[in-house]
Amino acid sequence: MWEGVAIVVIAAGLLLWIDSLRARERAVKAGREACGRYKLEVLDDTVWFARLRLVRDEDGQLKLARTYTFEFSDTGNNRRHGAIVMLGGELQDLHLEPYPIQ
């Protein structure tokens with residue numbers, strides 16, 4: 001009996017891990033595209049996982065909302081922070097720390 005439960009838990013964990021990897025890849029792409037659009041430099045070329053929670057989408061369905069943070073630079077000499085929220089596998093929000101336009 002407990003072997004079956006263990007297999008289900010392991011399978012669910014594996015599916016969550018694969019889904020998280022896909023969401024992270026999309027978050028990295030969204031961060032690069034946003035920084036490219038505003039002529040900013042993405043630092044360390046990656047995002048960091050910050051938060052996981054359950055939220056409802058526009059249709060009222062429960063989905064995982066993952067928040068990732070990253071750093072970018074507007075001058076090349078500083079570090080500014082950004083955040084990306086992925087709802088399921090789709091981009092929900094992208095925030096860049098304010099910086100002076102040159």
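Visitor: Let's start with β3 and β4. In what sense do they pair, and over how many bridges?
Guide: They pair in the antiparallel sense, over six bridges. Two strands count as paired if DSSP finds at least two bridges between them. The elements themselves are DSSP runs numbered from the N terminus: helices are H or I with at least four residues, strands are E with at least two.

Visitor: Before we go on, what kind of model is this?
Guide: It's a predicted model, in which local features need pLDDT of at least 70 and side-chain atom pairs count only at pLDDT 80 or more, while totals for chains, interfaces and linings use all residues. Residues are numbered from 1 along each chain as its sequence is written, and side-chain values use heavy atoms, with hydrogens and water left out.

Visitor: OK, back to the hairpin. How many residues sit between the strands?
Guide: The hairpin of β3 and β4 has two residues between its strands, and G88 takes a positive phi near 65° there.

Visitor: And which residue does M86 stand opposite?
Guide: M86 stands opposite L91, in β4.

Visitor: What does R26 touch?
Guide: Leaving aside neighbours within four places in sequence, R26 is in contact with M86 and G89. Contact here means heavy atoms within 4.5 Å. R26 belongs to helix α1, and its C-alpha atom is 7.7 Å from that of E90, though the two are 64 residues apart along the chain.

Visitor: Is R26 buried, exposed or partly exposed?
Guide: R26 counts as partly exposed because its relative accessibility is 43%. Buried means under 20% relative accessible area, exposed means over 50%, and partly exposed is in between, using a 1.4 Å probe and protein chains only.

Visitor: Which residues does helix α1 cover, and how far apart are its ends?
Guide: Helix α1 covers residues 2–37, and its end C-alpha atoms are 52 Å apart. That agrees with the expected span, because 36 residues at 1.5 Å a residue should give 52 Å. The expected span is 1.5 Å times one less than the number of residues.

Visitor: Which residues of α1 are buried?
Guide: A23, A27, V28, A30, G31, A34 and C35 are. The buried residues of α1 pack against β1 (41–56), β2 (62–73), β3 (80–87) and β4 (90–96).

Visitor: So what makes up the largest nonpolar core?
Guide: It has twelve residues: A23, A27, V28, C35, L40, V47, Y68, F70, F72, I84, M86 and L96. The elements that give two or more residues to this core are α1, β2 and β3, and α1 gives the most, with four. A nonpolar core is a set of buried Ala, Val, Leu, Ile, Met, Phe, Trp, Tyr and Cys residues joined through side-chain atoms within 4.5 Å.

Visitor: Pick V47. What is it in contact with?
Guide: Not counting neighbours within four places in sequence, V47 is in contact with R24, A27, V28, Y68, T69, F70 and I84.

Visitor: How many aromatic pairs are there?
Guide: The structure holds three. F49 and Y68 form an edge-to-face one, 6.0 Å centre to centre with 70° between the planes. It links distant parts of the chain, with F49 in β1 and Y68 in β2, 19 residues apart. Rings of Phe, Tyr and Trp (its six-membered ring) pair if their centres lie within 6.5 Å; planes under 30 degrees apart are stacked, over 60 edge-to-face, and the rest tilted.

Visitor: Why does Y68 count as buried?
Guide: Because its relative accessible area is 3%.

Visitor: And how are the rings of F70 and F72 arranged?
Guide: Their centres are 6.2 Å apart and their planes are at 45°, so the pair is tilted. Both F70 and F72 are buried, and they form one aromatic cluster with Y99.

Visitor: Change of topic: where is D57?
Guide: D57 sits in the loop between β1 and β2. It counts as buried because its relative accessibility is 14%. D57 touches K63 and L87, not counting residues up to four places away in sequence. A polar atom of its side chain lies 3.0 Å from the backbone nitrogen of D59.

Visitor: Last one: what phi does K39 take?
Guide: K39 has a positive phi of about 60°, although it is not a glycine. It's in the loop between α1 and β1, and it counts as exposed because its relative accessible area is 75%. D45, in strand β1, is another residue other than glycine with a positive phi, near 50°.

Note on methods
A polar contact is a pair of N or O atoms within 3.5 Å; within protein, one must be able to donate a hydrogen and the other to accept it, and residues adjacent in sequence count only if both atoms are side-chain atoms.
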